Structure formats: C-alpha cells, structure tokens
2 protein chains.
Amino acid sequence: MNFCPDCGHAVDHRIPEDDNRLRYVCSQCATVHYQNPRLITGTLPVAPDGRVLLCCRNIEPRKDYWTLPGGFMENGETTLAGALRETYEEARVSAINPRLLSVISLPAYDQVHLFYLVDMPDFSFATTPESHTVQLFSRDEIPWDRLAFRTVEHTLKHYLQQASSTTNPSVLNDHIRL
Amino acid sequence: MNFCPDCGHAVDHRIPEDDNRLRYVCSQCATVHYQNPRLITGTLPVAPDGRVLLCCRNIEPRKDYWTLPGGFMENGETTLAGALRETYEEARVSAINPRLLSVISLPAYDQVHLFYLVDMPDFSFATTPESHTVQLFSRDEIPWDRLAFRTVEHTLKHYLQQASSTTNPSVLNDHIRL
Ligand SMILES: [Zn+2]
Ligand SMILES: [Zn+2]
C-alpha cells in the first residue's frame, strides 16, 4: 500500500500510538488501514458411491493440479454459503448436508482455509472455466503427488482417517508453516 | 475506497470482465482491489474450578458489556496464535489446552468469529487497557443480558450445553443474520 484508499494521499508505514505493529497510516487523514488474513472456503464432495470429487485446475496458480473446490470468501456471505457457491462455480455440484471438516491457517500466506464435508445428491457435475477436468476418485485413486495445495492434502487425509461414519466428522484445526 | 492503494489514482466501482460482482478497479493501473471478510479470534477460558472468564469492555463498541477475550486476527499468525495473543492482551491469561469451539459468520458485518475453549493453568488474570474488569463466573452467574456480542452468547451457550466432558468439544458452526 502506497496511497490512502480514502483520500489518495501517501501513507506512512509506522507503528501508531496505542499499537505495537507496523500499519499503513495516512499522512493526511490519519486513517489506519489494517490488513488482515483472508478466508478461503471450500468443500470435500462425496458422491453417492463414496468416491470423492476433485477438480483439475484450469487457472494459475497450480494449473493442472488437482484440488477440492474452493475460493475466497466474499463480503456479505457466510463461510458455508461461500463454500457452496465455490463448489457450484468450480464443479457444478449442488452440494447438500454440509459438515465443517477443517480449519487450517497458512500464516506465510495470510490465509485461513476452511473446508466442509458435503454430499452430492447424485452424480451430476461438470467442467467449468476454472476446472478443465472434474472427476470422482475412490480412496485408492487419489492423486496425492498431483494435489494443488497442502491444505487439500491435509483435509483429504483427515477425512479418510476418520471412522466409516462421518455423520459428525471431527474438525481438523491445524496450520501449515511454509 | 476512492483511490488506488497502489498508484493513488481514482478507482471505479464496477464489475470486472470474467467476474460477477462489483469491485473497486483502478482507473489507471487496472488493479482489482478485492475486499473480504475479516476473522475475529478469541477464547472461552475455564479456570481450575470450572468457572469461565469474562472481560468487561473498556473500549467502544459495547463499552461496559461483558465479552470473551478476542480480536482481529493479524497477518502472519494462525487462528490459534491470534486467539491466545488476544487472551493475554485483554485479560493477562496464558491459556493452555486449546480446542476449537465455534466458527460463526456475521455476513452483515463481513466478519467470521472463531473461538477456542481453553484452560487457565491457575487463577492468574488481570485487568488491561481493553478490559476494565476481568472476572470469573459460575454457570449460574453469567450476565446474559449484559453480553457484548451475540457470537459470545452463542459460544457460551454451546459450551454450557455440552456433556460434562469437554475434552473434545463439538464445534459450533453457525451464522447470525442481523
Ligand atoms: Zn487518507
Ligand atoms: Zn492503481
């Protein structure tokens, strides 16, 4: 940040009074412009036959690697609404029965990734501009060496390690230091 | 947002190509400035005798109302680190044994509140610039009509509704529409 989004004057990078961190502070209007981590929300969709759905990314970063559907949470929505929206946008899946599955911090990227375990009501899914391939994988078929993100890997492993009943999955809360 | 934080020129409020939402887009450098929900992280501290710790706010908003210690997650930290930091900053409690307890979206405020159940190793706590009173409450003493935020109320109720064993509490995932 170089300029104040409110008034357009230059910002200083300094520790404000009554604070202990470097902030961007406007040299003109004195507004402190805080910067905070962003939330990525997504789902782990399970088909009626127990296979899980993955998307092969059609966009950078990590183009051509496999991921769970997900993306940046938007203002005005809930974590769940964001996760379901991304699932439809990336794989055309209308997911049901959402259960919180993982909350993983990525402090090096100023991000928190949050995934829901969801059911697919049927075998409907499709490619999208963001996913050039969408495919179901059995437990033994998951392309572990071609996954796009470590939060996807951790979330998949956490799901697969659970007892057969995942009606109420335990919630993985962890972080990844890179 | 009126001006581009990068180059200082005026921003437009319009839907970019390949998008479906209004964004702030720089009229000069074309950068899209996304705005996303912010995370508030905090704790529900339990003393060795089972009482819970609440802080009476010394600052606006909701000055003189009771809250769980918490605040905005900072860049570069994990949800847990943020929650423990805020617990010390607001109540001088060095919490242990954290377990994720609630994740509650507030879409009207573009916020997500995330609380951990934590243990206090002893009865050490103190007032701070943010909390003019810090006090332990038994289950029957909680000042329900003087709580600062509805996410605090929901998190406390979720905790108190659990079975006596809270070694692995269930995680409340909900939202509040205002
Ligand atoms: Zn300014
Ligand atoms: Zn610009």
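**Two chains and their shared interface**

Good morning. I begin with chain A, where three strands make an open sheet with antiparallel pairing, in the order β1-β2-β3. At the edges of this sheet stand β1 (11–14) and β3 (32–33) of chain A, each of which pairs on one side only. Strand β2 (residues 23–26) of chain A pairs with β3(A) in the antiparallel sense, over two bridges. Within this part of the sheet, V25(A) is found opposite V32(A), a residue of β3(A). Please keep in mind throughout that what we are viewing is a predicted model.

Let me place that sheet within its chain. Chain A contains two helices and 11 strands. Along the sequence, these elements of chain A follow the pattern β-β-β-β-β-β-β-α-β-β-β-α-β. As for its extent, the C-alpha atoms of chain A fill a box of roughly 60 × 35 × 30 Å along the principal axes.

I now turn to chain B. Here, too, there is an open sheet of three strands in the order β1-β2-β3, with antiparallel pairing. Its edge strands are β1 (11–14) and β3 (32–33) of chain B, and each pairs on one side only. β1(B) pairs with strand β2 (residues 23–26) of chain B in the antiparallel sense, over four bridges. One residue to find on the screen is H13(B), whose bridge partner in β2(B) is Y24(B).

How are the two chains related? In general, two copies of a chain are related by a rotation about an axis and a shift along it. In this model, a turn of 180° and a shift of 0.0 Å along the axis lay chain A on chain B with an RMSD of 0.0 Å. This is therefore the relation of a two-fold axis. Both copies use the same surface, since 100% of the contact residues of chain A recur in chain B.

That brings us to the interface itself. How many residues of each chain take part in the contact? There are 39 residues of chain A in contact with 39 residues of chain B. The size of an interface is often given as the accessible area lost when the parts come together. Between chain A and chain B, the buried area is about 3,200 Å², and carbon and sulfur atoms give 50% of it. Which three residues of chain A supply more of the area it buries against chain B than any other three? They are P37(A), E74(A) and N75(A), and they supply 17% of that area.

E74(A) deserves a second look. This residue forms a salt bridge with R23(B), and their closest N and O atoms are 2.6 Å apart. The count of salt bridges between chain A and chain B is five. In addition, 18 residue pairs are in polar contact across this interface. On the side of chain A that touches chain B, at least two residues each come from β4 (38–46), α1 (79–91), β8 (96–106), β9 (111–119) and β11 (172–175). The residues on that side of chain A divide into 17 nonpolar, 12 polar and 10 charged.

Finally, let us consider salt bridges over the whole structure. A search over all chains finds 21 of them. One example is the pair R85(B) and E89(B), with the closest N and O atoms 3.3 Å apart. Both R85(B) and E89(B) belong to helix α1 (residues 79–91) of chain B, where they lie four residues apart, about one turn of the helix. Thank you for your attention.

Technical notes:
Residues are numbered from 1 along each chain as its sequence is written. Chains are lettered from A and ligands numbered from 1 in the order in which they are written. This is a predicted model: local features need pLDDT of at least 70, side-chain atom pairs count only at pLDDT 80 or more; totals for chains, interfaces and linings use all residues. Side-chain values use heavy atoms; hydrogens and water are left out. Contact means heavy atoms within 4.5 Å. Buried area is the accessible area (1.4 Å probe) that two parts lose on being put together, summed over both. A salt bridge is a side-chain nitrogen of Lys or Arg within 4 Å of a carboxyl oxygen of Asp or Glu. A polar contact is a pair of N or O atoms within 3.5 Å; within protein, one must be able to donate a hydrogen and the other to accept it, and residues adjacent in sequence count only if both atoms are side-chain atoms. Ala, Val, Leu, Ile, Met, Phe, Trp, Tyr, Cys and Pro count as nonpolar, Asp, Glu, Lys and Arg as charged, and the others, Gly among them, as polar. Two strands pair if DSSP finds at least two bridges between them. Copies are superposed by least squares on the C-alpha atoms of residues with pLDDT of at least 70 in both.
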